[in-house]
Amino acid sequence: MDKAAELMWQLEDSPCEVAQQEQSPDDVNKSEVPEQPAHRKDNQSQSHTLHWETLCRQFVEYEQVAPFLIPEEQQRRLLDFLPLFLKAWEQSAGVIVFPSVQLLASEVSKLLAKEIKRTLNGKSAEEARLALEHLLQQKGEVEDGHLLLKSVYLLSRTDLRTMWNIIGSGLPAALLQCLYIFFTFPLEQNTDGETNEDETQEMLVEIMLNMYREERGVEELLAADKLQSLIIAAASFWDQCSHLWKVPTGRVLRTISKAQTKNSILYLQAVDCIKIAVQNLFKLADTLPACDVCEAVSIVLCFVKDSYPISSALLTEFESNDGYQLLLKVLLRCEGLQQNEGDPYLNEILDMLTCLTTCGKTELKVSGNIIHPQLPQFDCEWTRSSGMTVKNLQAFQVLQSIFQKSNDQHLCGTVLGAIGTIWAWDTVNFFLLEWTLQPINQFIDIIHFKPHPVQVQFFRLVESIVLDLSYIPHEILKKVQCLIKENVVPFCTLTALRCLLSITKKDLLFSDIFRDSGLLGLLLALLRKQAKILRKSAGTSLPGLEEGTDKELNAIMLKMVAALTVGCVRNSVVLKDYGMVPYIKIFLDEECYRGATLSILEQLSVINYEEYMSIVIGALCSSTQGELHLKLDLLKSLLRILNSPKSHSAFRTCSGFNGLLSLLSDMEGALQDPPCGLWATVEQNCVLELVFCTLQGITAALHLDPVNSNFFQRNGLFEKMAEDLESLGCFWTHREWHIPLSLEKTRTFAEFLDAAFCSSEPFPAWLKNCIWILSFLDHMVKGTLHLENYFKEIKLEMGEASRDDQEGTQAQGEDPTFSERPVSELCASAYRLWGNFEEKWEMRDCVIVNPGAVCVMVRLLPKLYREGHSQVADPVFKEGKLCGFF
C-alpha cells in the first residue's frame, strides 16, 4: 500500500479525531456562540465534518502529485491549501479534525524556514530587518509569509508529536535568527507612532516558546550557531536594541535557559558566551539605568543558575570572570530606586543569587563549638544535611556585602529575607554561615545605620534563632546587649530590647543568662537614672518625639525587668539588693509604665509581702479622687497577691482593710442621681468598677482567714462598710421620680436583674446602681466575689444567673413562708438578724462565708423602704433570691 492510499484508507475507515481544541487570540469570541436547537447543532457538526473530510482528500491529492511537481508548483499548491485550512479552523471554532496534521505541520514549517532563509540571504542587517517585516506582517491582502506564520502558530498549539515535526523542520534556528534581527535592529516608527508588529510578534514569540520548551528545540539551535549571538547581544546592546522586543527576547531566552542540555552547555562554554557577556555587562553597568542593567544581567544569570544541575561549567566560567563582582556592582547601583521600579528583575537576581549559595561540590563543615547552657529543645542532630546546605560562600558574600554597604530599605530587607530563607532550607546553614562568615554578628555593628523597618526585620531574624531553631546564640546576644548599652540610636535600642523581651519569654533559662551577662544590672542602672529624671521633672513633659521614644524605652525596660523577675526569686533579690524598690515606685504614676511596674512589685512580694502591701496600700491612700485608673490598677494587682493566703496577714498589719474602706469613703455621692462634685465627670461604670474591685479586695483578704474575719468584725468594719456604701448616694435620693406601673408588679430579685440590665424598661441609673451593689454583696456573702476576673464578665454572668434562678423558682414553686409575711414583719426580722444572725446560718441551704456582709445588706435594704422604694426591697425578703438565707 503506497502512502497516498494509506492516507485515504485512514480517512474512510476511521472517524476523524479531534487533535486539540485551540483558539487564536483574535478568534476567542467566535467560540462563544449562543445556544442553538439540537437539529441546528447537528447540521453544523455534519457540515464541519464534511469540510474537514474534503480538506483531507485535497491534502492527500497534494501528497500524491507533489513528488512530480517542480518546487515552485509544490509551494504554490501548499499555499493555496492553507487559506482553506484556516477557514475550516475558524468555522469549527478552533477544532482541528485533520489526521495528517503532523505531516501538514512539517511541510508548512519547512516552507516557512525556507522563505525566511531566502529573505535573509545576501542582505545587510537593515535590509534583512525590512525584508522580514514585509514577509511576516499582514498588510491588506494576506501575504504568503504571514499565512505560513499563522498556520505554524496554530499547528504548534496542537500536540507534542506535531511540535516535534515543527522542530525537525529547521524552523527553530530560523526563528531565532529573526528574533536576533528584530531585537538588535530597531524598526523606525511609522507616521502614526506605531510599529504594527503586535500580531506578528505575538505569533512569532508563541511559536518559539512552544519549540524551546523542548530539549529537541534547544538542540536544533546549536548547529545554526545563533544562540550565542542573541545572548551576547542582550548583554551588549541592551541600551540600543528595540524597545518593543526587549520583553519577548527575555521570555524566549529564559525559556531556552530552563531547557538547557549537556550539549547546549558545552556549546556555550566552547564559544566563551558567559565570559563575553559578563565583560560586556561590566561596561553597561556604568552607563545604563540600574533597572535596565538588572534586566540584562538577569538573563545571563538564568543560564548560569539553570545549567548547574546538569553541569557546573557555566558557573565556573561566571565565577572566574568576576561574575560576583558584577552582581555586587549592579545591585548596589539599585540603591534609591523608586518602589517597584526594576523590582521584578532585581528580585529575580537576588533570588537566583540565593539559590547559588547551595551550588558547590564540597560540603562545608561546622567547626564551631556549642556554648552552653542551651535550651532543652535544642536538637544536636542538626549536623545531618538535607542537600540544601550552603556550599558557595562567594555567592553568600555578595549578599553579605550588599547589606554592609547599602542603606537602601528594599535591598537590605531582601537580603535579610534571603538569609531567613537559607536558614529555612536547612537548620545547619545558620551554623555554617555564622561560624565562617559571621554575618549576623557583623550586622549588629552597623544595624543602627539602617532604616527603621530594616532594624525591625533584623531583630526578628535574631529572635527566630531562639524561637525557631531553639538555639541560644550567646555571642550574638552579648553584642545586642552592647548595642543596648551604647544606645546610639534610641529606636534601634528599643527594637533590640523588644527582641530580647520576646526571647526571655521563651524559657526561664534566660532569666539566669541575662542576669549573669549583666543585662539585668544594666537595665536597673538605666531605670534608676530615668526614675530620678521623672522625680525631678515632677509631671513636666519633654517636647515632641523625644518624649515618645524615651517613654517607650522606659516602658520596654520595665517590661524586660518584669519578665526577668517572673518566676526567678534570685533576680528579685538582685533588684532589692540594688536598692531599686524606691525607684520602681516612681513609675507607678505613669499609666504607660504601671503594668510592668506592678508586675515587678508583685514579684518582690514573694520575698517580702509587707513591703509590697505598704507600697500598694500607701499608693491607694495617697491617690487623689481623680486618679481612678491608678486605683483600679492597684486594686487588681492587690487582688492577684491576695490569692496567696500568706499575704493576708501582711494585708491586715499594713492597714489594708482601713485603706480599702477609705476608698469607699472618698466616693461619697458618686452614685447619687445626679453625681456630685468631681464624680459628675466620671462614667458610672468606672465608679461601679472601683466599688467592685474594692469589695473584691476585702473579700479576698477575708476568704478562709479566721484571723482577718475576726479582726474585721471585732473592729466594726462591716458597719463602716455599710456606712460607706450608703454614702455613695444610690440608696437615697431627694429627687422625685415617678415609678412606672410596670415596676409595681411582684418580682423576684432575679427578675429585677433581668429587667434592669436585659430589657428596655426605663430603670433610672440610681436603681440600677442599687441592684449592682446588692449583687456584689450577694457574691461577698457567699465568698465568691474575689473569684470574678473582670467587671464586664459580671454583667454577662448576672444575666445568665438570673435566668437560671428563674428556672429554679419555677421548678421549686414559691415559698409561702416568705410571700405571705407583711413587709413590716420582714423589716423587723431583718433588724433582728443584725444582732443575732449567727443562729440562722445553719438553717439555710446556702453556704454563707461572710455573714457580716448580710448585716451590710440588712442595713441598706431598710434605707430603701424609708425612701419609699419598697418595690426594690420587697423581692429580696419575699423570695430570698439575693443570698438564699432569709
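# A tour from Asn 441 outward

Select Asn 441 to begin: this residue is buried, with a relative accessible area of 11%, where buried means under 20% relative accessible area, exposed over 50% and partly exposed in between, using a 1.4 Å probe and protein chains only. The model is a predicted one, in which local features need pLDDT of at least 70 and side-chain atom pairs count only at pLDDT 80 or more, while totals for chains, interfaces and linings use all residues. Residues are numbered from 1 along each chain as its sequence is written, and side-chain values use heavy atoms, with hydrogens and water left out.

Show the secondary structure around Asn 441, and you will find the residue in helix H22, residues 439–446; helices (H or I, at least four residues) and strands (E, at least two) are DSSP runs numbered from the N terminus. Next, display Glu 434, Glu 475 and Lys 479, which Asn 441 touches when residues up to four places away in sequence are not counted, a contact being heavy atoms within 4.5 Å.

Move on to the cysteines, selecting Cys 334 and Cys 294 together. Why do the sulfurs of Cys 334 and Cys 294 not form a bond? The sulfur in Cys 294 is the closest cysteine sulfur to that of Cys 334, but at 3.3 Å it is too far for a bond, since a disulfide is a pair of cysteine sulfur atoms within 2.5 Å. By this rule the model has zero disulfides. Cys 334 is buried at 2% relative accessibility, and Cys 178, a further residue to select, is buried with a relative accessible area of 0%.

For a view of the surface, select Ile 607, which lies in the loop between helix H31 (591–605) and helix H32 (609–622) and counts as partly exposed at 33% relative accessibility.

Now zoom out to the protein chain, which has 45 helices and two strands, and in which 51% of the 886 residues count as buried. Among its contacts between residues at least 6 apart in sequence, 80% join residues at least 24 apart.

Finally, colour by pLDDT, the predictor's confidence in each residue from 0 to 100: the chain mean is 82, and 78% of the residues reach 70 or more. Over residues 793–845 the pLDDT is below 50, although the model gives this stretch 59 contacts beyond near neighbours in sequence. Residues 878–886 also stay under 50, with 37 contacts beyond four places in sequence.
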